[in-house]
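Let's take a friendly walk through a protein structure together. Keep the 3D view open, and turn it as you read.

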Amino acid sequence: MPNEGHVVLAASELGKLIAALVQKGYAVVGPTVRDGAIVYDAIESEKELPRGWTDEQAPGHYRLKRRDDDALFGYVVGPQSWKKYLHPAEVRLWSAERRDGTFRILNNEAKPQPPRAFLGVRACELKAMAVQDRVLLEDKYRDAIYAARRAGAFLIAMQCTQSAPTCFCASMGTGPGIAEGADLILTELMGSGGHRFLVKAGSERGAELLRELATTAASAADLSQAEQGVKTAAAAQTRSIDNQGIKELLYKNFEHPRWDNVAARCMTCANCTMVCPTCFCTTVEDVSDVAGDHAERWRRWDSCFTESFSYIHGGSVRTSAKARYRQWMTHKLAAWFDQFDSSGCVGCGRCITWCPVGIDITEEVRALREGTNHGNA
Amino acid sequence: MATAVITSTDVMVPQSYRVQEVSKETSDTFTLKLAPEEGSNGSSFRPGQFSMLWVFGVGELPISISGDPAKNDQLIYTVRSVGQATNSLVSQSVGSGIGVRGPFGTGWPVEAARGRDVIIVAGGIGLAPLRPAIYEVLHRRDEYGRLVILYGARSPRDLLYRKELAAWARHRDTQVLVTVDYGGVSWRGHVGVVTTLFKYARLKPTQSVAMLCGPEIMMRFVTRELEAHGLVRPDIYLSMERNMKCAVGFCGHCQYGPHFICKDGPVFPYDRIRPLMEKYEL
Amino acid sequence: MGLEEYYTGLLTGCAANVRFQPGSYIFKEGEEANEFYLLRSGRVALEIFGAAHKPHVVETLEEGDILGWSWLLPPYVWKFHAHAVHDTRAIALDGKCLRTKCEQNHDLGYEVLKRFAQIMERRLEATRMQLLDVYAVK
């Protein structure tokens, strides 16, 4: 495979990459171990990365386990995604004060954000950003808050060389390899050749940053090892969704008995929507102080799994767990095509891992296709 | 696809409008007249569109605009008080400020209906979102064929715009038929659900465009009746309703199948939503 | 064939033009049901008297509607009051006569019942919708 501008960065130099970003004014966000999971948070150095840790995932199961090496990105995906920063859980839209029997809006601009650098963006996460771009930037209206945070973000992607049993990005065409969409694309390599990163610039500012670091030319062996790692990750995936005719499958099976089956298990806890990197639903809350002179409008994450989500006078439209699970799955896998020209799912598998009862969206698709009630329950 | 020229910082901020008048239509329904604070944009809208009305410190509600689209110096809303938020809206005194965002959504097909007969079927408060379409047709009366207005309410005391209904009936080639579900003692008019009025409607079905607004159950029965009378699905339009928070397609609450009622609706042609209307808990 | 033609054809000699003054009762609940009416103009309210003896109007009928089917089925007794709200003109048809003819000629009976079944079905549907009370605040 041609070199295509690949270089190699020693793992010991990664700290300099982070320092260079900080120097350029970026607030660096990366993976770190906290509360038994690998989460995204502000980091100041490579010391905070999850060195030697991996994640063991299965339906309804997540545990951190020690690796027998010192890999810095030897895990797959944690409960959080970058939407934590791009489409924040809680943001104030504006505040207002009472004035002359009416009101006056006080501050309305999207609060200026320090540009952030996201270190360790997975293929599925890059695709999720593209999916949210389509929803929040490229439809009838444009979300100024998302736009500002997205434009400023410097993306350092990390190709996967391993998969969790819950991953199915290969079948969704969203990974594990990354060709574009990030400022830098890295692959962590170990073994003979040393602990290092294969790096490719994906943008001008990525290339500029690379020039400031001590890199060496990539060899054919480096490229081959990276390529092999990605292939291994893809081949290891046991789960999949067959997207052939999936829109019709879901639209035409509104009354399929499988929905009762999943409804008996689903607790409508909304975990799946919280961890899903493409779920974007929010609610708008108006609050005021006790005196009633000052009001604020806040936007908060919301979930279609709550009963109040579909409330209109007289009651909610989707009162049953069945209706709500069906809504989520049909929207994510089918209606999204009509709305935004792609699937809403990127195959990251978080919903499977973080569902307390281990409902598996890939299994539910299969059950609908096969017209059966088989599977867990 | 991207016609995205409007940013959320604009459309999520309410404009200040002052209450000019609050008039009582029925025991629980009131009409508010609002005029923009000086310096605000003109209040133009298309029949069928809605605004998000904000009461300081209470909350925001989607309310259909109910006034005359030809008069863009004020906005008129007919609101039924059914809960805390609507109650605070109708309790505003003259001169107080209300936040207005919008107008949002798709409108009634008043242009497409030109040259054809128009049948308007309203149930309960559903007459309010249809009134702008009626005004539009009456303003350009000669550009339309027959006008038939069928209106059903719960009881005589719940009828809206009674004086206007009588005035509308006096236009040429215009039929206004009113019915109630419960007649009471002194009502001398028709008693029965609104579908029972169809046999009196003078229509040319293949040349008609129908506009419907009311409770979903009522709209389902009415579409059946319209089809039985020979109208085709693309000529029937309904105004749908779902929970709304942002009104700009971001919060996800108003989804109806693949449609966002705030931007793909609230007015839909029946052929597009018929399969959805048959689905329970969609 | 139009309703009027059909029935007047069947009942030549048993049909008559009638007129009811506004406010008058065409028939009352409990009375023997021996005729039915084809309304040509005006408005008739079907009423039930409630506990306080105030009438509840459950439905109104107008031009083209058929008033009354209790003549067709036992016990041949009116279930409602029929109150002419406006000046009402109708064709009164001898239900007792038609009943007898249907007993003698079952083919005719079937045709008549078919027509009335249709009317009843539409009224039932409409009544059920009224029961739903769709405009009420829940």
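The report below visits a helix, a sheet, a chain contact and a few unusual backbone spots. Keep in mind that this is a predicted model.

**A helix in chain A**

Start with helix H3 of chain A, which covers residues 123-136. Does its length fit its number of residues, or what else could we check it against? At 1.5 Å a residue, its 14 residues should span 20 Å, and the C-alpha atoms at its ends are 20 Å apart, so the two values agree.

Is H3(A) enclosed or open to the outside? Eleven of its 14 residues are buried, so the helix is largely enclosed by the rest of the structure. Among the buried residues are A:Ala123, A:Leu126, A:Met129, A:Val131 and A:Leu136. A:Glu125 and A:Lys127 are also on the list of buried residues. The cover over these residues includes helices H2 (83-86), H4 (144-152), H5 (169-172) and H11 (321-340) of chain A, along with strands E8 (116-121) and E10 (154-158) of chain A.

**A sheet in chain A**

Now look for an open sheet of four strands in chain A, with the order E7-E6-E15-E14 and antiparallel pairing. Which strands stand at the edges? They are E7 (102-107) and E14 (282-288) of chain A; each has a single partner strand, so one side of each is left without a neighbour in the sheet. On average, neighbouring strands of this sheet are turned by 25 degrees against each other, direction ignored.

Zoom in on E14(A): seven bridges join this strand to E15 (residues 294-301) of chain A, and the two run antiparallel. Across that pairing, A:Glu285 stands opposite A:Trp298 in E15(A).

**Where chains A and B touch**

The contact between these chains takes 41 residues from chain B and 46 residues from chain A. On the side of chain B that touches chain A, the elements giving two or more residues are strand E1 (6-7), helix H1 (8-11), strand E2 (15-24), strand E5 (59-64) and strand E7 (97-104) of chain B. H1(B) gives the largest share, three residues. By class, this side of chain B has 14 nonpolar, 18 polar and nine charged residues.

How confident is the predictor about chain B? The mean pLDDT of chain B is 93, and 96% of its residues reach 70 or more. Over residues 1-5 of chain B, however, the pLDDT is below 50. In the model, this stretch has nine contacts beyond near neighbours in sequence.

**Unusual backbone spots**

Most residues other than glycine have a negative phi, and most peptide bonds are trans. The table lists some spots that depart from this.

| Place | Feature | Value |
|---|---|---|
| A:Gly175 and A:Pro176 | cis peptide bond | omega about 0 degrees |
| C:Pro74 and C:Pro75 | cis peptide bond | omega about 5 degrees |
| A:Asp100 | positive phi | about 50 degrees |
| A:Ala270 | positive phi | near 75 degrees |

Where do these residues sit? A:Pro176 lies in the loop between H5 and strand E11 (184-189) of chain A, and C:Pro75 is in the loop between strands E6 (66-67) and E7 (81-84) of chain C. A:Asp100 is in the loop between strand E6 (90-99) and E7 of chain A, while A:Ala270 is in the loop between helices H9 (258-263) and H10 (271-275) of chain A.

Are the two residues with positive phi buried or exposed? A:Asp100 has 12 C-beta neighbours inside 10 Å, so it counts as exposed. A:Ala270 has 18 other C-beta atoms within 10 Å and is partly exposed.

How values were computed
Residues numbered from 1 in each chain as written. Chains lettered and ligands numbered in written order. Predicted model: local features only at pLDDT ≥ 70, side-chain atom pairs only at ≥ 80, totals over all residues. Expected span 1.5 Å × (residues − 1). Buried ≥ 20, exposed ≤ 12 C-beta atoms within 10 Å, placed from the backbone. Contact = placed C-beta atoms within 7 Å. Nonpolar A, V, L, I, M, F, W, Y, C, P; charged D, E, K, R; others polar. Pairing = 2+ DSSP bridges. Axes fitted to C-alpha atoms, helices over the stretch in contact; angles between N-to-C directions. pLDDT = per-residue confidence, 0-100.
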